[in-house]
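Work through the exercises below with the sequence and the model open beside you. Try each task before reading its solution.

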Amino acid sequence: MNAWPGCMPPREKLLKFGAASLTDTELLAIFLRTGVAGIHVMEMAGNLIAEFGSFHNLMSADYPTLCAQKGLGESKYTQIQAISELASRCSFSHLAKEGALCNPKITREFIYNILSHREREVFLVLFLDNQYRFISHDELFIGSISSVEIHPREIVREALKVNAAALILAHNHPSGQAEPSEADNLITVRIIKACALLDIRVLDHLVIGHGEYVSFAERGWI
């Protein structure tokens, strides 16, 4: 099948109107490049997104799950993983050059790219210097699908190792709902108090869901 469904092939549409004008299906079709026998690449891309429920779920699918789909194999899987990693590194490079508070959107995107697809709760800490520039990040605690055990003392210890003056906390809710729990509120208070003893400031705590987030700072809780 050589004809593209619709008025304009994705590559031509991108060149004329920019990448932001493309739908998820059109973007995926560009990366897939070709369909399979009897199925146009646009139809294949649309079917995949429908099967997984979202572009996000498709990008974060593991190897066996993705390769079980007709027309996908090792080559397509590596392409999709490379795309995801490229997006993460792009966010990281921006974050490393700018202060975390100078561009909070980049900071949120960086954290979202790391946590949004995880199947277990992961507690991430961004370590910043006294001008709020990025030093490093660490996934300090990994839990189950519904909880993670967090130790404020370990967070303080890691902050001292890298001479951090400020932190941004983040964790994900695999359920997809970003609304913080009472446990989230309580552990945030404990971490803030532990850090304050050593003049380390907690700037924010982000809770990541599917397509959404909650910022403690934006809500005035920090």
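The exercises that follow go from the whole chain to single residues, and the model they use is a predicted one.

**Exercise 1. The overall layout**

Task: Find how many helices and strands the protein has, and state their order from the N terminus on.

Solution. Step 1: count the elements. The secondary structure comes to nine helices and five strands. Step 2: write the elements down in order. From the N terminus on, they run α-α-α-α-α-α-α-β-β-α-β-α-β-β. Step 3: add the dimensions. The C-alpha trace spans about 65 × 35 × 30 Å along its principal axes. Step 4: look at burial and contacts. Of the 222 residues in the protein, 41% are buried. Among contacts with a separation of 6 or more, 56% are between residues 24 or more positions apart.

**Exercise 2. Two domains**

Task: State into which domains the protein is divided, and describe how they touch.

Solution. Step 1: take the bounds. Domain 1 covers residues 10-90 and domain 2 covers residues 100-219. Step 2: take the distance between the C-alpha centres of the two domains, which is 31 Å. Step 3: turn to the contacts. Four residues of domain 1 are in contact with five residues of domain 2.

**Exercise 3. The largest pocket**

Task: Describe the largest pocket by its space and by the residues that line it.

Solution. Step 1: start with the volume. The largest pocket holds about 590 Å³ of space. Step 2: turn to the lining. It has 21 residues, and H56, M59, S60, S84 and H117 lie nearest the centre of the pocket. Step 3: sort the lining by class. Nine of its residues are nonpolar, eight are polar and four are charged. Step 4: assign the lining to elements. At least two residues come from each of α2 (24-32), α4 (55-59), α6 (74-97) and α7 (104-115). The most come from α6, which gives seven. Step 5: assign the lining to domains. Domain 1 and domain 2 each contribute at least three residues.

**Exercise 4. The nonpolar cores**

Task: Find which residues of the largest nonpolar core touch the most other members, and which elements supply this core.

Solution. Step 1: recall the general tendency. In soluble globular proteins, nonpolar side chains tend to be buried together. Step 2: list the central members. The largest nonpolar core has 19 residues, and F123, V125, I150, I155, L167 and I191 touch the most other members. Step 3: name the elements. At least two residues of this core come from each of β1 (122-128), β2 (134-142), α8 (152-161), β3 (166-172) and α9 (182-196). The largest share, four residues, is supplied by α9. Step 4: follow one member. Not counting residues up to four places away in sequence, I191 touches F123, I150, P152, I155, L169 and V202. Step 5: note the other core. A second, separate core has 18 residues, including L32, A45, A61 and I80.

**Exercise 5. Positive phi angles**

Task: Compare the settings of Y132 and N163, and decide whether each is buried, partly exposed or exposed.

Solution. Step 1: recall the background. Most residues other than glycine have a negative phi. Step 2: take Y132. Its phi is positive, about 65 degrees, and Y132 is in the loop between β1 and β2. The relative accessibility of Y132 is 22%, so Y132 counts as partly exposed. Step 3: take N163. Its phi is near 60 degrees, again positive, and N163 is in the loop between α8 and β3. The relative accessibility of N163 is 63%, so N163 counts as exposed.

**Exercise 6. Two single residues**

Task: Classify V207 and E158 as buried or exposed, and list what each one touches.

Solution. Step 1: locate V207, which lies in strand β4 (residues 201-208). Step 2: classify V207. Its relative accessibility is 0%, so V207 counts as buried. Step 3: list its contacts. Leaving aside neighbours within four places in sequence, V207 is in contact with H171, H173, A178, P180, E212, Y213, V214 and F216. Step 4: locate E158, which is found in helix α8. Step 5: classify E158. Buried means under 20%, and E158 has a relative accessibility of 17%, so E158 counts as buried. Step 6: list its contacts. Not counting residues up to four places away in sequence, E158 touches F127, D138 and L140. The C-alpha atoms of E158 and L140 are separated by 8.9 Å, and the two residues are 18 residues apart along the chain.

Key: Residues are numbered from 1 along each chain as its sequence is written. This is a predicted model: local features need pLDDT of at least 70, side-chain atom pairs count only at pLDDT 80 or more; totals for chains, interfaces and linings use all residues. Side-chain values use heavy atoms; hydrogens and water are left out. On a 1 Å grid over the protein atoms alone, a cavity is a set of points where a 1.4 Å probe fits but cannot get out, and a pocket is an open set with protein on both sides within 12 Å along at least five of seven lines; lining residues have an atom within 4 Å of a point. Grid points are joined across faces, edges and corners, and a volume is the space filled by probe spheres set on the points. Ala, Val, Leu, Ile, Met, Phe, Trp, Tyr, Cys and Pro count as nonpolar, Asp, Glu, Lys and Arg as charged, and the others, Gly among them, as polar. Domain bounds come from an automatic or database domain assignment. A nonpolar core is a set of buried Ala, Val, Leu, Ile, Met, Phe, Trp, Tyr and Cys residues joined through side-chain atoms within 4.5 Å. Buried means under 20% relative accessible area, exposed over 50%, partly exposed in between (1.4 Å probe, protein chains only). Contact means heavy atoms within 4.5 Å.
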